[in-house]
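Me: Please take a close look at the surroundings of the ligand, and then lead me outward from there through the sheets and the packed helices. I am in my first year, so connected sentences would help me more than a list.

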Amino acid sequence: MFELLGISPQVLLGQLLLGLINGAFYAILSLGLAVIFGLLNIINFAHGALYMAGAFVAWILLHYLGIGYWPALILAPLIVGAFGIVLERTMMSRLYKLDHLYGLLLTFGLALIIQGLFRNYYGISGLPYQIPSQLSGGQNLGFMFLPNYRAWVVVASIVVCFGTWFMIEKTRLGAYLRAATENPALVSAFGINVPLLITLTYGFGVALAGFAGVLAAPIYSVNPNMGADLIIVVFAVVVIGGMGSILGAIITGYMLGIVEGLTRVFYPEGSAVVIFVIMAIVLLIKPEGLFGKEAR
Amino acid sequence: MSDVDNGKALLRVEELHGWYGESHVLHGVNFHVNEGEVVTLLGRNGAGKTSTLLAIMGMLPKRSGSIIFDGTEVIAMQSRHIARLGIAICPEERGIFASLNVDENLMLPPRIQKGGMEVERIYDLFPNLKERRRSQGTKLSGGEQQMLAIARILRTGAKFLLLDEPTEGLAPVIVQQIGRTISALKKEGFTIILVEQNFRFAASVADRHYVVEQGGVIDMIPNADLNNSMDKLHGYLGV
Ligand SMILES: Nc1ncnc2c1ncn2[C@@H]1O[C@H](COP(=O)(O)OP(=O)(O)O)[C@@H](O)[C@H]1O
Ligand SMILES: [Mg+2]
């Protein structure tokens with residue numbers, strides 16, 4: 001059948017895998033954006049920069065302190081999350097009473113500053129980051145070669161996305177978060193510390209970005225622009241999935257990664273724009289997004 | 001229950017002013033509630049009853065004057081700290097969370113004091129809720145949502161309840177069930193401010209009635225005098 005279309009199964013499966021890897025990153029990043037948007041009503045333009053910062057923190061930990069990939073996978077998200085908490089406490093929290101546009105402008109400005117700082121110190125040529133030895137090499141599946149590290153990225157992304165979904169949809173803390181998303185004033189009136197919830201949510205959302213950055217470091221070179229390139233696509237993913245929908249962000253992330261991979265096989269010229277075309281169509285037909293609820 | 005102000009009121013509201021942005025809606029509200037009393041706020045739509053409850057709970061954006069609860073001045077406190085003193089609200093729009101199921105809605109308000117009702121007891125009081133524990137909160141009927149909104153604040157241990165029109169738009173059997181619940185709570189020592197339009201219902205559960213008009217309390221009627229005050233009350237309420 002593949003031969004009929006003039007496409008070898010190796011190419012198809014190879015692109016599917018690549019799509020799945022991209023989807024893994026789209027899913028983690030759009031999940032973080034959706035969590036933040038849900039509670040803070042802020043489109044976090046700094047998300048891409050914090051993803052990049054996660055990759056850099058991993059590189060810095062290794063380069064200066066000799067701390068390897070596995071500890072970095074925990075430490076870098078914690079550091080990025082703590083940095084996010086400082087940003088939220090000192091700057092973003094002052095803007096909640098104003099129009100959402102100000103939050104967008106602030107995070108956009110922060111993104112430029114963070115990128116600028118890293119560009120200033122590390123240039124734009126990109127820094128290499130080794131695949132951890134446990135995950136080098138790959139598996140010959142007969143029909144294709146599967147690099148171990150890429151398989152790990154997909155597994156790690158699925159675990160983190162599922163864990164986040166579970167925490168938000170199935171736990172008591174998640175119930176606070178969902179309720180505060182709907183009606184923060186009433187949740188406060190029950191004695192719950194909503195500002196703290198908001199701070200932790202932002203910290204968690206950007207920690208997810210930092211985690212994705214560490215996952216990405218061995219695949220893409222660690223580069224100050226790595227987030228800026230990716231985040232535009234991720235915004236499109238969030239729009240398609242529906243702002244603030246947790247499950248929507250995850251599923252749409254994987255789906256669009258795969259769609260992009262398939263497009264690269266069947267119509268390579270379209271692969272760079274296919275997500276934006278889908279976004280335009282979704283906006284026309286279902287403006288609230290595939291998984292979004294009607295605007296309140 | 002004594003209707004005299006013996007200076008030991010559990011809640012004392014004095015010269016309370018309140019604003020939504022620039023809009024000044026409470027113009028010096030004065031009243032008090034003694035421990036164990038059920039007191040109503042009666043008045044036309046837009047008189048300021050809901051705003052008064054929101055001010056007590058710290059949910060009105062801007063307020064001034066004095067609200068002393070159990071010896072603590074709460075006028076400038078944040079609502080989450082006021083809640084921790086043992087006050088809980090059942091809001092007019094009920095405030096059932098659509099993204100939470102019935103169980104999660106019930107368990108949402110944290111326990112703030114000892115002596116909150118056990119969940120089993122709550123489900124005994126409201127058996128319909130138990131059957132629908134896993135349903136989305138807003139999929140319940142209006143009456144069930146109202147019961148859920150009352151039930152969830154009983155779990156917290158708060159002994160001072162603010163109930164904003166709990167019978168609004170509900171069928172008579174459900175109104176009766178809510179009436180029985182309020183009477184039962186009163187027997188257990190709860191103190192309640194009840195905002196009501198339905199004053200037959202108000203008369204069946206309350207000790208005293210405050211009449212609210214244009215952002216102020218203009219009269220107080222003990223429940224025992226209610227029958228003799230009907231003409232006056234009809235005048236106030238325009239019914
Ligand atoms: N969110 C709000 N923003 C501005 N004005 C409001 C708001 N809510 C109520 N008001 C105004 O405040 C006044 C008192 O309203 P409210 O306390 O809801 O009265 P009641 O509960 O007695 O019907 C009314 O004039 C109403 O229009
Ligand atoms: Mg009202």
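Reply: In this predicted model, the shell around ligand 1 draws at least two residues from each of two elements of chain B, namely β2 (23-33) and α1 (49-56). The largest share comes from α1(B), which gives three residues. If you want to find the shell in the structure, look for B:Tyr20, B:Ser23 and B:Val25, then for B:Gly43, and finally for the run B:Asn45, B:Gly46, B:Ala47, B:Gly48, B:Lys49, B:Thr50 and B:Ser51. Sorted by class, these surroundings of ligand 1 hold seven polar residues, three nonpolar ones and one charged one.

The two elements that supply the shell also meet in a sheet of chain B. Four strands, in the order β2-β1-β4-β5, make up this open sheet of chain B, and their pairing is antiparallel. Its edges are formed by β2 and by β5 (72-73) of chain B, each of which pairs on one side only. Helix α1(B) packs on this sheet, where it touches β1, β2 and β4 of chain B, and its direction makes about 70° with that of β2(B). Within the sheet, strand β1 (residues 11-20) of chain B runs antiparallel to strand β4 (residues 62-69) of chain B, and seven bridges join the two. One position to look at is B:Val13, which stands opposite B:Ile67 in β4(B).

Chain B has a further open sheet, built from six strands in the order β6-β7-β8-β3-β9-β10, and here the pairing is mixed. Because β6 (87-90) and β10 (216-222) of chain B stand at the edges with a single partner strand each, one side of each is left without a neighbour in the sheet. From one strand to the next, the twist averages 20°. The edge strand β6(B) runs parallel to strand β7 (residues 160-164) of chain B, to which four bridges join it, and B:Cys90 has B:Leu163 in β7(B) as its bridge partner. Helix α6 (residues 142-154) of chain B packs on this sheet, touching β6 and β7 of chain B, with a direction that makes about 170° with that of β6(B).

From chain B we can now pass to chain A. The contact between them takes 19 residues from chain B and 14 from chain A. On the side of chain A that touches chain B, α7 (172-182) and α8 (184-189) of chain A each supply at least two residues, and α7(A) gives the most, with five. By class, this side of chain A divides into seven nonpolar, four polar and three charged residues.

Inside chain A, helix α3 (residues 47-65) and helix α5 (residues 100-122) pack at an angle of about 30°, with their axes 8 Å apart. Angles under 35 degrees count as roughly parallel, and so α3(A) is roughly parallel to α5(A). Their crossing is left-handed. Among the residues that meet there are A:Met52 and A:Phe56 in α3(A), and A:Leu110 and A:Phe118 in α5(A); the contact of α3(A) with α5(A) has eight nonpolar residues, two polar ones and no charged ones.

Another pair in chain A, helix α10 (residues 226-241) and helix α11 (residues 246-266), packs at an angle of about 120°, with axes 9 Å apart, and the two are therefore oblique to each other. Here α10(A) passes α11(A) in a right-handed crossing.

Terms used. Residues are numbered from 1 along each chain as its sequence is written. Chains are lettered from A and ligands numbered from 1 in the order in which they are written. This is a predicted model: local features need pLDDT of at least 70, side-chain atom pairs count only at pLDDT 80 or more; totals for chains, interfaces and linings use all residues. A residue is near a molecule or strand if its C-beta atom, placed from the backbone, lies within 6 Å of it. Ala, Val, Leu, Ile, Met, Phe, Trp, Tyr, Cys and Pro count as nonpolar, Asp, Glu, Lys and Arg as charged, and the others, Gly among them, as polar. Two residues are in contact if their C-beta atoms, placed from the backbone, lie within 7 Å. Axes are lines fitted to C-alpha atoms, for helices over the stretch in contact, and angles run from 0 to 180 degrees between N-to-C directions. Angles under 35 degrees count as roughly parallel, over 145 as roughly antiparallel, 65 to 115 as roughly perpendicular and the rest as oblique. A crossing is left-handed if the near helix is turned anticlockwise from the far one by less than a right angle, and right-handed if clockwise. Two strands pair if DSSP finds at least two bridges between them.
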